[in-house]
Amino acid sequence: SAGKTKANLSLASTGAQNGTNNLTGTAQAKIPTINVDPTSLSMAATIGNTVTKTVNVTGQFLTNNVTVTLSDNNGVFSVTPTTITAANAANGVEVTVTYKPTNVGNASAVLTLSSDGADDVTFNVTGTAQAKVPTINVDPASLSFNANLTSTATKTFTVTGLFLTND
């Protein structure tokens with residue numbers, strides 16, 4: 001068990017002078033700990049798209065599972081897994097945080113990892129959402145004609161659009 005301890009070591013041998021040594025020592029308790037790397041996450045995405053990042057979680061001297069909770073008032077973050085066994089935490093587990101924004105702007109959440117006997121680990125997760133920018137593309141970007149006033153020339157080009165809201 002943890003704490004200071006003392007002992008006497010007596011040495012004896014036939015024909016020799018007996019000796020005694022005082023021994024002292026301090027035993028350290030095996031304190032359950034949870035470690036994460038990195039200790040914060042920042043993500044950026046376009047509305048409707050999904051971005052994921054991982055956090056490596058390790059645990060030492062854990063006797064119970066690690067519970068992973070995410071407090072997200074915006075409902076745009078999620079986390080998996082939500083439970084890590086003590087044995088798996090000892091070897092390291094990747095926790096995946098997913099960000100799928102629905103509105104332009106900033107969002108935040110708090111990720112908490114806890115296990116009985118260990119101090120909770122809490123850190124911030126932030127996200128920045130950008131609007132989908134309507135885009136029109138033309139390919140090729142330019143056309144050259146070699147025609148005179150009495151002839152006809154035909155060339156083809158392609159028009160594509162992204163995130164357009166009207167025809």
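Select β4 (41-46) and strand β11 (residues 121-130). Six bridges join β4 to β11, and the two run parallel. Look for A44: its bridge partner in β11 is T128. Strands here are DSSP runs of E with at least two residues, and helices are runs of H or I with at least four; both are numbered from the N terminus. Two strands count as paired if DSSP finds at least two bridges between them. Strands of a sheet pair through backbone hydrogen bonds, either parallel or antiparallel.

Before moving on, note what is on screen. This is a predicted model, in which local features need pLDDT of at least 70 and side-chain atom pairs count only at pLDDT 80 or more, while totals for chains, interfaces and linings use all residues. Residues are numbered from 1 along each chain as its sequence is written, and side-chain values use heavy atoms, with hydrogens and water left out.

**Stop 1: the five-strand sheet**

Stay with β11 and show its side chains. Which of them point to the buried face? V121, F123, V125, G127 and A129 do. T122, N124, T126, T128 and Q130 point to the other face and are not buried. Buried means under 20% relative accessible area, exposed means over 50%, and partly exposed is in between (1.4 Å probe, protein chains only). In a regular strand the side chains alternate between the two faces of the sheet.

Now add strand β10 (residues 105-114). Nine bridges join β10 to β11, and this pair runs antiparallel. A107 has G127 as its bridge partner in β11. Follow the chain round the hairpin of β10 and β11, which has six residues between the strands. Stop at G117 in this hairpin: its phi is positive, near 90°.

Zoom out to the whole sheet. It is open, has five strands in the order β4-β11-β10-β6-β8, and its pairing is mixed. β4 and β8 (83-84) are the edge strands, and each pairs on one side only. At the β8 end, two bridges join β6 to β8, which run antiparallel. Pick T67 there; its bridge partner in β8 is T83.

**Stop 2: two neighbours in β10**

Select L111, in strand β10. Is L111 buried or exposed? It is buried, with a relative accessible area of 1%. Contact means heavy atoms within 4.5 Å. Not counting residues up to four places away in sequence, L111 touches V68, T69, L70, V79, V97, V121, T122, F123 and V125.

Next, select T112, also found in strand β10. T112 is buried too, with a relative accessible area of 16%. Leaving aside neighbours within four places in sequence, T112 is in contact with T67, V68, T69, D120, V121 and T122.

**Stop 3: the four-strand sheet**

Select β3, β5, β9 and β7, in that order. These four strands form an open sheet with antiparallel pairing. Why is one side of β3 and of β7 (77-80) left without a neighbour in the sheet? Both stand at the edges, so each has a single partner strand. Neighbouring strands of this sheet are turned by 25° against each other on average, direction ignored. The axes behind that angle are lines fitted to C-alpha atoms (for helices, over the stretch in contact), and angles run from 0 to 180 degrees between N-to-C directions.

Zoom in on β7 and strand β9 (residues 93-99). They pair in the antiparallel sense over four bridges. F77 has Y99 as its bridge partner in β9.

**Stop 4: the loops**

Go to the loop between β3 (33-37) and β4, where P38 lies. A cis peptide bond joins D37 and P38, with omega about 5°. Another cis peptide bond joins D139 and P140, with omega about -5°. P140 is in the loop between β12 (135-139) and β13 (158-162).

Then find F61, in the loop between β5 (51-60) and β6 (66-71). Its phi is near 60°, a positive value in a residue other than glycine. F61 counts as partly exposed, at 45% relative accessibility.

**Stop 5: far from L111**

Draw a distance from L111 to T160. The two are 49 residues apart in sequence and 41 Å apart in space, C-alpha to C-alpha.

Finish at V159, in strand β13. V159 is exposed, with a relative accessible area of 51%.
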